[in-house]
Amino acid sequence: MRYREHFDRQVAREDVWIPTRDGRTHLHARIWRPADAGTAPVPALLEYLPYRKTDWTAPRDAQRHPWYAGHGYASVRVDIRGHGDSEGTPGDEYDAQELADGVDVVNWLARQPWCTGRVGMFGISWGGFNSLQIAALAPEPLKAIVTVCSTDDRYDNDVHYMGGAVLGVDMLAWAGTMLAFASRPPDPTSVGQDRWLPMWRERLEALDPFLHTWLAHQQRDDYWRHGSVCEDYSAIDAAVLAVGGWNDPYRDTVLRLVEHLPGDRVRGLIGPWSHQYPDRGLPPGPAIGFLQETLRWWDQHLKDEDTGIMREPKLRAWLNDPVPPATSHDVLPGRWVGEPDWPSGDVSWDERPLGRGAAPVLVRSPQHTGLDAGRFFPFGNASDLPPDQREEDGRSVCFDSQPLDERVEILGRPRVRLRLDSATPRAHVIARICDVAPDGSSTLVTRGVLNLLSRHGRDRAVEWTPGTYGTVEFELNGIGYAFPPGHRVRVALSDTYWPWVWPHGERGGLTVLPAESAVLLPVRDSAADEGRAPIRFEEPEQAPPLPVEYGRTGEPTPERLVTHDVAKGEWTLEVDPNYGGSRLYPDGLRYEESARETYRIRADDPLSAQAVSEWTIRLRRGDWDAEIITRTELRATAAEFIMDSRMEARADGETVVERAWHRTTPRTSG
């Protein structure tokens with residue numbers, strides 16, 4: 001990493017309040033801009049998040065916002081209404097109020113005397129989501145966005161559902177995380193010593209756990225269509241640079257945006273990365289000079305400079321070379337490839353039957369199949385990636401190819417077509433593609449899920465009629481990967497995948513006809529790169545890091561711990577999400593954070609599934625001391641989901657607000 005301390009333009013920083021259209025609520029913003037922008041106006045860049053600019057994202061913000069300002073932009077970080085230091089109460093994620101406020105911020109920025117009137121938006125995850133969604137609302141000043149690790153489809157490519165199946169792991173974990181995050185107080189140094197406690201009480205009284213809403217909408221309905229830009233790609237007029245990583249769950253959005261956004265104002269970039277900005281150097285790498293690459297995008301679309309970025313291939317993607325399975329890789333081997341169009345003429349479908357003349361096979365996995373899935377959101381931590389899949393393969397039904405005679409490269413979303421019968425009206429099918437080395441080690445390449453209730457569309461639930469065969473086909477997550485000669489391609493099928501997929505209430509089984517089933521691989525022509533210019537990026541560069549001291553609260557615990565109670569037949573997965581631990585900031589703020597997720601299930605009982613998220617957050621500076629303790633639990637009967645949440649907020653050790661929620665909702669699809 002190279003740290004840039006001196007820029008062509010001197011950088012100034014200020015905190016301001018931005019009004020919204022209701023006339024009552026102001027959003028708190030931090031602006032880095034050239035000191036001479038009053039006489040030489042610049043375009044503005046907006047990052048718009050609920051994650052607290054004064055502490056939680058402050059280290060990350062310091063890496064990029066001053067850097068953009070030094071290169072001739074006003075780089076602006078805004079807390080969403082009801083979060084951080086902004087006024088108002090928190091709402092649902094990406095609700096209409098959040099997006100309307102975002103439009104107000106874009107228009108306000110464009111009106112400032114230091115702004116040229118042209119605005120860009122960028123962000124990762126939540127900030128990438130609302131960049132796309134606000135672009136679809138088309139405020140006139142918004143000319144370009146950079147959306148990183150985001151989705152165009154809030155139902156089928158987010159933390160709630162996958163293939164129509166309830167995501168047990170992040171449906172619960174992210175709802176629990178956001179209950180804790182939304183409970184955090186404003187900072188007295190920003191809002192005033194006399195305002196912070198009344199503002200905090202107002203927020204806490206308005207809280208409602210997201211989990212209630214998410215599980216109330218188990219099919220793709222208008223709730224999920226809101227904010228899903230795939231409903232109308234043509235609504236986006238701004239230029240879009242879509243960025244993802246093969247180890248991030250949102251990478252398929254990059255492929256869809258490149259395919260479906262109109263005109264020639266979109267480019268896609270997929271690296272080997274996890275759920276992180278590509279310049280941060282967190283595993284897996286290699287990292288790239290992402291700030292420089294985005295500067296090319298901004299200069300092209302906000303300053304009308306020909307930077308050459310629109311002559312880059314429409315899709316630039318990292319093609320992974322094989323590595324032995326491990327839960328972390330500092331750097332993955334591979335190479336960059338470029339596709340001038342997507343879908344690509346360089347990619348063709350290779351259909352491989354699962355068996356020839358083979359007898360029907362029964363897929364009936366133990367309920368703890370999936371414990372070796374790895375983290376749904378890899379963050380660059382030591383236990384994030386899937387380990388050797390041999391144990392998972394042993395709990396599944398596997399179909400192996402013969403050893404490959406030559407290298408096979410795939411790029412895109414593989415598909416699985418299955419001829420099957422289900423013993424129960426409700427069932428899941430999970431397919432994994434693995435690379436099996438000559439020593440028997442099994443590396444997960446990609447996977448996909450289908451809730452059979454959703455086989456006719458995600459907007460409806462149609463039960464299976466046991467005793468009848470039908471054909472289902474579904475996509476797996478996109479990947480760029482090279483299988484070497486001598487390795488085997490394995491397709492592993494299971495009907496459970498805990499805790500990623502919340503199990504249906506009845507244990508059944510699937511009967512699959514291998515001869516009438518197939519895997520379809522998107523094979524890329526190995527000669528496609530001949531004559532094309534190589535794809536290169538600069539080395540990572542950032543502004544100097546914020547001098548933050550990092551530590552942990554309490555005794556260290558394993559990031560990911562699996563235990564098996566043999567007598568009870570119960571498996572327990574305990575997870576420390578490790579978002580950054582505790583921190584001491586230069587202004588004296590001590591931010592302490594600890595979290596634990598626990599997932600339990602018995603191997604023979606889908607109704608034994610239980611997921612719990614527990615958080616403790618404490619903020620201290622001088623005589624200011626605020627603490628939040630939350631617990632969120634999800635379990636189910638055959639007929640309904642059961643949700644229990646509680647939150648306690650303390651100031652100076654005394655309880656300020658204490659709340660508890662109990663909800664149930666029918667299992668319509670889950």
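## A walk through the predicted model

D279 sits in the loop that runs between β11 (266-271) and α10 (290-302). Keep in mind that this is a predicted model. Is D279 buried or exposed? Its relative accessibility is 0%, so D279 counts as buried. The side chain of D279 has company in there: a polar contact of 3.2 Å joins it to the side chain of R64. If you skip residues up to four places away in sequence, D279 touches M1, R64, A287, I288, F290, L291, P540, E541 and Q542. R64 therefore turns up both as a polar partner and in that list of touching residues.

### Helices α2, α3 and α4

Start with helix α2, residues 96-111. Does its length come out short, long or as expected? Its 16 residues should span 22 Å at 1.5 Å a residue, and the end C-alpha atoms are 23 Å apart, which agrees. Twelve of the 16 residues of α2 are buried, so the rest of the structure largely encloses this helix. The buried set is E98, L99, A100, D101, G102, V103, D104, V105, V106, W108, L109 and A110. The acidic residues E98, D101 and D104 are thus among the buried ones.

Helix α3 (residues 126-137) is built from twelve residues. From first C-alpha to last, α3 reaches 17 Å, close to the 16 Å expected at 1.5 Å a residue. How many residues of α3 are buried? Ten of the twelve are, which leaves α3 mostly covered. Those ten are W126, G127, G128, F129, N130, S131, L132, Q133, I134 and A135. Just after α3 comes A138, with a positive phi of about 55 degrees.

Helix α4 covers residues 168-182, and M178 is found in it. M178 counts as buried because its relative accessibility is 2%. Leaving aside neighbours within four places in sequence, M178 is in contact with Y51, H83, W126 and F210. One of those partners, W126, is also on the list of buried residues in α3. M178 and E93 are 85 residues apart along the chain, yet 9.4 Å separates their C-alpha atoms.

### The nonpolar core

The largest nonpolar core has 193 residues. Which members touch the most other members? W298 and L418 do. As for secondary structure, α4 gives the most to this core, with eleven residues. L418 has contacts, beyond its neighbours within four places in sequence, with L354, V429, G470, T471, V472, F474, L493, V512 and S517.

### Salt bridges

How many salt bridges does the model hold? The count comes to 69. Three of the pairs are set out below.

| Pair | N to O distance |
|---|---|
| E231 and R220 | 2.5 Å |
| D372 and R395 | 3.9 Å |
| R621 and D587 | 3.1 Å |

Take the E231 and R220 pair, with its 2.5 Å N to O distance. It links distant parts of the chain, eleven residues apart: E231 is in the loop between α8 (222-225) and β10 (239-245), and R220 is in the loop between α7 (210-215) and α8. E231 is partly exposed, with a relative accessible area of 42%, whereas R220 is buried at 13%.

Next up are D372 and R395, whose side chains meet at 3.9 Å, N to O. D372 lies in the loop between β15 (361-363) and α11 (390-394), and R395 in the loop between α11 and β16 (397-400), so the pair ties together parts that are 23 residues apart in sequence. D372 is buried, with a relative accessible area of 17%, and R395 counts as buried at 14%.

Then there is the bridge between R621 and D587, at 3.1 Å, N to O. R621 lies in strand β32 (residues 605-621) and D587 in the loop between β30 (582-584) and β31 (590-602), so this pair ties together parts that are 34 residues apart in sequence. R621 counts as buried at 14% relative accessibility, while D587 is partly exposed, with a relative accessible area of 44%.

Salt bridges also join up into a network: which residues does it link? The members are D252, E351, R413, R415, R417, E473 and E475. R417 in this network is followed along the chain by L418, one of the two residues that touch the most other members of the largest nonpolar core.

Conventions: Residues are numbered from 1 along each chain as its sequence is written. This is a predicted model: local features need pLDDT of at least 70, side-chain atom pairs count only at pLDDT 80 or more; totals for chains, interfaces and linings use all residues. Side-chain values use heavy atoms; hydrogens and water are left out. Helices (H or I, at least four residues) and strands (E, at least two) are DSSP runs, numbered from the N terminus. Buried means under 20% relative accessible area, exposed over 50%, partly exposed in between (1.4 Å probe, protein chains only). A polar contact is a pair of N or O atoms within 3.5 Å; within protein, one must be able to donate a hydrogen and the other to accept it, and residues adjacent in sequence count only if both atoms are side-chain atoms. Contact means heavy atoms within 4.5 Å. A salt bridge is a side-chain nitrogen of Lys or Arg within 4 Å of a carboxyl oxygen of Asp or Glu. The expected span of a helix is 1.5 Å times one less than its number of residues. A nonpolar core is a set of buried Ala, Val, Leu, Ile, Met, Phe, Trp, Tyr and Cys residues joined through side-chain atoms within 4.5 Å.
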